[in-house]
Amino acid sequence: MNLSQSDLLHQPLLFKEGNFTGNIWGGTWIPRFKGLKVHPPRVGESWEFSDLPLRPNFLKGQKGRALSLREFLSLSPGKLLGASVIRQFGPRAPFLLKFIDAKDNLSLQVHPVGRGKKVSGKSEAWVILDVAPGAASGFIYLGFDPDKARRFKDAGRFQAAFRRAIGRVQRIGPTREKRLLEKAASEILPYVNKIRVRPGDVFRVPSGTIHSIGRGVRLFEIQEPCDVTYRIWDWNRPDPLHSTRRKLRLRKLHLKEALSVLNFQPLPKNHYKLTWNQVGTLCREVWEGCLLRDPVGRFSAHLIEARFPASVYEKETRGVLQVLTVIRGRVRVSTSPDGGAPFSAGCVVRRGQTVLIPAAAARYRLQALSARMQIIRSTVDV
């Protein structure tokens, strides 16, 4: 590691923009939210903190070839993540962060279940940021519906009925006819909880839980670092990338894999909604609230709000990485290598950007540059 890379281990590390995925259900909200001038036609996700080989984040502002987070972690995982994090989860990013824009419904899907702390599944949590206007917008689909389940004599019959419903909509096949699309939805949706959401709501999505983000919902997602998704049903819509006028095709489904990991236990809607609490007012101008904690301990998220420009928040890292994602306003982020050293000049971070505070930095300071600045702080509780 050369000197410039060594110095970075005590500095706030800002990530490059544009780690986007193009999805058939995506829109233009994410680039607009970030204030970018280039608007790709369909952006479904912006990966904000990832060391996965498929789509790693790259550090911003480096001379020469930019290092990916994956490469940087291989150079000095302990100083970036913290020794306690590595003991629990190994020398890799313990979580993955995303913005998601559902211009249309995502597929009804499920994620695999992990096998211990060092073998990741895909539990996740959603912080709702925005909902597009319209009567059909603003819903999520999460878990099996207890009211529907009670109509069956036992759990086995409920499961069998759901499998038969999946078979019926498969026979309908891909279609653009409104009547057939509505018929398919009427077969599947009664089995799952349909939940109206609003900005500020927080939901947990345990691995093995059937779910879909509905049309018009924009959110921040924190999840285990896994990108395996099993599609159960895709609303019978044709895949625009592989369909022609004469031959409509569905996106690939993964029914065998999905049915092997699905948790069929029906649970009420409020089981998934989290009530987040204010941790405390750090001073008259700044407060912090705990949004969520993963039961396995892989991640937690806090909301920090500074009410006025020039409000200051200071915190110790305690030897654990801190990932800060700005969701409103602008902030100057600076760090100190030890308890007595002055803070660095740092960097300015605006809405939609994400910055990593390495575990090797003893302290960090946030100075708001706008009113009602808000940050989601993602970390690991150790």
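This is a short talk on the fold of one chain, from its overall dimensions down to a few strands.

Keep in mind that we are looking at a predicted model.

Overall dimensions first. The chain has 382 residues, and a compact globule of that length would have a radius of gyration near 21 Å. The chain comes out at 22 Å, so it agrees with the globule rule. Along the principal axes, the C-alpha trace spans about 65 × 45 × 40 Å.

Now burial and surface. Buried residues are 55% of the 382. The exposed area is about 17,300 Å². Carbon and sulfur atoms supply 51% of that area.

Contacts next. Take those with a sequence separation of 6 or more. Of these, 76% join residues 24 or more positions apart.

Charges. I have 64 positive side chains against 31 negative ones. The centres of the two sets lie 4 Å apart.

On to secondary structure. There are nine helices and 23 strands. Seven of the strands form an open sheet. Read across, the order is S2-S3-S4-S11-S6-S9-S13, and the pairing is antiparallel. Which strands sit at the edges? Strand S2, residues 20-21, and strand S13, residues 273-274; each pairs on one side only.

Let me zoom in on one pair in that sheet. S6 covers residues 124-131, and S9 covers 202-205. Four bridges join these two antiparallel strands. One residue pair to look up: Trp126 has Phe203 in S9 as its bridge partner.

Now strand S16, residues 300-306. Is S16 buried or exposed? Seven of its seven residues are buried. As a reminder, in a regular strand the side chains alternate between the two faces of the sheet. In S16 both faces are covered. On one side are Ser300, His302, Ile304 and Ala306. On the other are Ala301, Leu303 and Glu305. Note that Glu305 is on the buried list.

What does S16 pair with? One partner is S15, residues 286-293. Seven bridges join S15 and S16, and they run antiparallel. Gly289 stands opposite Leu303 there. The two strands form a hairpin, with six residues between them. Within that hairpin, Gly297 takes a positive phi near 90°.

Another partner is S23, residues 373-379. Here too seven bridges make the link, and the strands run antiparallel. Ala301 has Ser378 in S23 as its bridge partner.

To recap: an open sheet of seven strands, and a buried S16 that pairs with S15 and with S23. Thanks.

How values were computed. Residues numbered from 1 in each chain as written. Predicted model: local features only at pLDDT ≥ 70, side-chain atom pairs only at ≥ 80, totals over all residues. Heavy atoms only, no water. Rg over C-alpha atoms; globule rule 2.2 N^0.38 Å. Buried < 20%, exposed > 50% of the residue type's maximum accessible area, 1.4 Å probe, protein only. Contact = heavy atoms within 4.5 Å. Areas by Shrake-Rupley, 256 points an atom, 1.4 Å probe, with all protein chains shown as cover. Lys, Arg positive; Asp, Glu negative; His and termini not counted. Charge placed at Lys NZ, Arg CZ, Asp CG, Glu CD. Pairing = 2+ DSSP bridges.
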